[in-house]
Amino acid sequence: MSQPRALENIRVVDFSWVRAGPWATRWLGALGAEIIKIEWPETERGRLPSSTTPQGLDVNLNTSGNFSDTNVNKKSLSLNVRSAKGLEIVKRLIAISDIVIENFSSRVLQNWGLGYEEMCKIKPDIVYVSMSGYGHTGRNHAYTTFGPVAQAVAGLTHLSGLPEQPPAGWGWSYMDDTGGMYGAMCALTGLYHRNMTGRGQHIDQAQMVSSVPLNGPALLDFTVNGRGSKRPGFPPGNRAHWPGTPLVNNYRGPTVAPHNAYRTHPGGYNDWCVIVCHADEEWNQLVRVMGSPSWAASDKFATVAGRLQHQEELDAHIEAWSLTLGKYALTELCQAAGVRALPVQSAEDRVEHDPQLRHRDMYLPMPHSALGVHKVQNAPFKLSETPAVNSRPSPLIGEHTREIVEGLLGYGHDDLRAGFDDGTFWPTKRARFPYQEDMLL
Amino acid sequence: MSDAQQGQGPLTGLRILELSDEKGQFCGKLFGDLGADVIKIEPPDGERNRHVGPFLDDIPHPERSLSFWYYNTSKRGITLNLETSDGRALFRRLAATADVILETFRPGYLASLRLDFDSLRADNPGLILCSLTPFGQTGPWRDYLSSDLLHMAAGGEMASCGYDEADVPNAPPIAPGGGNAWHMGCHYAYMAIMAALVFRTVSGQGQYIDVSIHEACALTTESAIANYVYRGEVLRRQTGRHHAPGPTPRTQFRAKDGTYVTALISGGLNPRNVKNLADLMDVYGMAGDLKDPKYQDPAVIAAHTSHIIDGLLASFIASVPAEEVYHAAQARGFTWGAVRAPEALLDDAHLQDRNFWKTVEHPELGRSFVYPGEAAIYNGSPWGISRRAPLIGEHNTEIFCGELGLSRGELSVLTETRVI
């Protein structure tokens, strides 16, 4: 590789599973760190269950599409850490690593005999990032989360929906994505601090707790003004304000109209666009784009106060127009005139139809030995000197066991075979994949 | 750069210049609260986010925006008009002292002022300049306008959020509130800048970073891309739960006090989970017939899923307040939670145990207010809010005179001529 990597020579021991932890280490890997993912097929969560295995392939530990996208840029070591021999091997690995990341419940690593104190004995300046649901301290530290539960408990779910309806919430584990971001951010911050001071530390990141600072303005409205967000008109759907309710800022930005989603031609499930006018000039431009219809000349729409007050009528008129155009055509017309508009995009739209993402190489194909060639998501940042690149496909389970055990840790080939025989590297009663048999030749 | 001491944030000694509006202010806060010296450079009249509500006591004023307060903690603030040559000269002098510059101007703007990366790094070879913009510096959409709602549409968030047809007929796709498109962009920008800083500790080299908020949002819909790429599926929106290729059982139930509860059954309705569920509901006399041994047969469970979920579970939750359901269920190993309004978090004992809430002094008002605290506890180098958001130009004298050596007279002249 001609260009250097930002995290050249950084090694990460990655115990993470499911989604949030692996999403963190995916990015450290893209930035050039060596990620060693420690897995055990009997307790694995992330590869299975799989609802993203391509039609026509067997569902097994190596065929989850979502696992594959989430775990590019990593190596896999299959190891029973709950055995004395496995623990010894992990300790030898930590001794030559920079970062340990895990997203277990709060006491798991400690119970294995791998708490932070123990890690420090092996590698005094280790940066240890724990990514649990509620953190390692506090009375509810043993509680468990998924993204949707962290989002609910921390107030994020409440921010999404139409007034007088149940919360619409987030249609995915936003806090698995974002919790993963915080895991990576903590690891990088800890690493920078170590490089500057020589000192490692334990960083206690928690999915539920990390959700709370994302509600800042709503929280200050309560702690400063005493106003809660269980109130008429909140949340206001896609609007900045729900007509007929008290005129209060809704924590998304300026209170303006139009500010909504509108149906577009031909009226299918994802045929919607959003239009926002932040100022009168933008509204006047939108009126011109719509062909200066007579309704838009009415005084009641001339000011932002009027447009907010008559929002139902305004939105109905805009939608009658938007339904005459496809969402991409509408976007181009509006943006060319300086009007804020973009299409609602499904995953298919983003991968196939979004000209910007295509231009920026957001989805590039990568071959995988069990799944074939599929597009993989790239980084949203371009670093001029140390680009983030997806350098290797997601590992098959245990694919790099020999490379790590013999090559990196210096065990002999007989040790590897003995470890397979005694259940250290693979359960003795579980069928081995062909690449594991090859490893033992 | 001074050695960070125990008791200081992990980024102590770093200097960040922030030239940012709503798109990047949270990124600056992330750095400032972790100990970096973040200098926010605003236009002479102040950044436009000072005009975003809600406002202190609902009195609109650029020093009373709670949104501005929240996103600009732990920063110093100066004013500078970059469209004047004096302003640009002062900016160049500051840039020579910076580790990182974060900017959110439209692509090409800094270059039009001859303040682009190549010209700034001539005086500062280790400089890292991060441009955080809606669509990045290149491509057919690079000059498009955006907003939080627009990003949530094009990024794919809205296509995944909404309602079951039975709950709200003809509902639009829904964009969750709170300004999260900006959060997504700022998280990735923070990550990219930190990676560049780590690289600089080893190489001494700076670099330019181009971050796209659209791409950050497009990356933040969990499995939606994988469902399409690997199976060709386009997902449907469902009330208060995951998008899916086809309908899945509901997971959001209204509790006795009107608050909802998110009640997922991890691992699904298997005999063990059904037994645990029956035991939990039985404490409240709400187990119905679920203790019947027939429910230990997976086939019987499968035939009665609707009875168990939509009947028994929904009735149980409807009979108990949400917070009580949440804690009782968690105590028995169920990964459930109450759907709280943000203000309910102030009463959360767990957050109190973690000293999550911080009191921030506003000396100009003679008052102090409670702010949310840290996403993660850095045990070796603590997070902290070092000061409330800056007033407009609050640190002009401190920085222009104290650090750049301008005289009071020069500062006055530059202020009178709208440079500062």
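Select B:Pro62 to start: it sits in the loop between strand E2 (37–42) and helix H2 (66–71) of chain B. Helices here are DSSP runs of H or I with at least four residues, strands are runs of E with at least two, and both are numbered from the N terminus. Bear in mind that this is a predicted model, where local features need pLDDT of at least 70, side-chain atom pairs count only at pLDDT 80 or more, and totals for chains, interfaces and linings use all residues. Residues are numbered from 1 along each chain as its sequence is written, and chains are lettered from A and ligands numbered from 1 in the order in which they are written.

Is B:Pro62 buried, exposed or partly exposed? B:Pro62 counts as partly exposed, because it has 17 C-beta neighbours inside 10 Å. (Buried takes 20 or more other C-beta atoms within 10 Å of the residue's own, exposed 12 or fewer, partly exposed anything in between, with C-beta atoms placed from the backbone.) Now show what B:Pro62 touches: leaving out residues up to four places away in sequence, you get B:Gly46, B:Arg50, B:His51 and B:Ile392. A contact means that the C-beta atoms, placed from the backbone, lie within 7 Å. Add B:Leu391 too; its C-alpha atom is 8.6 Å from that of B:Pro62, though the two are 329 residues apart along the chain.

**Zoom out to chain B**

Chain B has 17 helices and 14 strands. Its C-alpha atoms fill a box of roughly 85 × 50 × 45 Å along the principal axes. Of its 420 residues, 55% are buried. Take the contacts in chain B between residues at least 6 apart in sequence, and 64% of them join residues at least 24 apart.

**A sheet in chain B**

Next, pick E9, E10 and E11 of chain B: these three strands make an open, antiparallel sheet in that order. Strands of a sheet pair through backbone hydrogen bonds, either parallel or antiparallel; the cut-off for a pair here is at least two DSSP bridges. On the edges are strand E9 (252–254) and strand E11 (336–338) of chain B, each pairing on one side only. Neighbouring strands are turned by 25° against each other on average, direction ignored. E9(B) and strand E10 (residues 260–263) share three bridges, and B:Phe253 stands opposite B:Val261 in E10(B).

Two helices are worth adding to the view. Helix H13 (residues 305–318) of chain B packs on the sheet, touching E9 and E10, and its direction makes about 50° with that of E9(B). Helix H14 (residues 322–331) of chain B touches E10 and E11, at about 160° to E11(B). Axes are lines fitted to C-alpha atoms, for helices over the stretch in contact, and angles run from 0 to 180 degrees between N-to-C directions.

**Across to chain A**

Switch on both chains: 132 residues of chain A are in contact with 128 residues of chain B. Which helix gives the largest share of chain A's side? Helix H7 (residues 174–197) of chain A does, with 18 residues. Colour that side of chain A by type and you get 62 nonpolar, 53 polar and 17 charged residues. (Ala, Val, Leu, Ile, Met, Phe, Trp, Tyr, Cys and Pro count as nonpolar, Asp, Glu, Lys and Arg as charged, and the others, Gly among them, as polar.)

Stay on H7(A) and bring in helix H8 (residues 180–203) of chain B: the two pack at about 25°, with axes 9 Å apart. H7(A) and H8(B) are therefore roughly parallel to each other, a label for angles under 35 degrees (over 145 is roughly antiparallel, 65 to 115 roughly perpendicular, the rest oblique). Residues making this contact include A:Met181, A:Leu188 and A:Tyr192 of H7(A), and B:Tyr190, B:Met194 and B:Val198 of H8(B). The contact divides into 13 nonpolar, five polar and no charged residues.

A second stop between the chains is strand E12 (residues 381–383) of chain A, joined by three bridges to strand E6 (residues 207–212) of chain B, antiparallel. There, A:Leu383 has B:Ile209 as its bridge partner.

**Backbone oddities**

Finish with the backbone. The peptide bond from A:Leu48 to A:Pro49 is cis, with omega near -5°, and so is the one from A:His265 to A:Pro266, with omega near 5°. For a positive phi outside glycine, go to A:Ser292, at about 45°, and B:Glu222, near 50°. A:Ser292 is exposed, with 10 other C-beta atoms within 10 Å, while B:Glu222 is buried, with 25.
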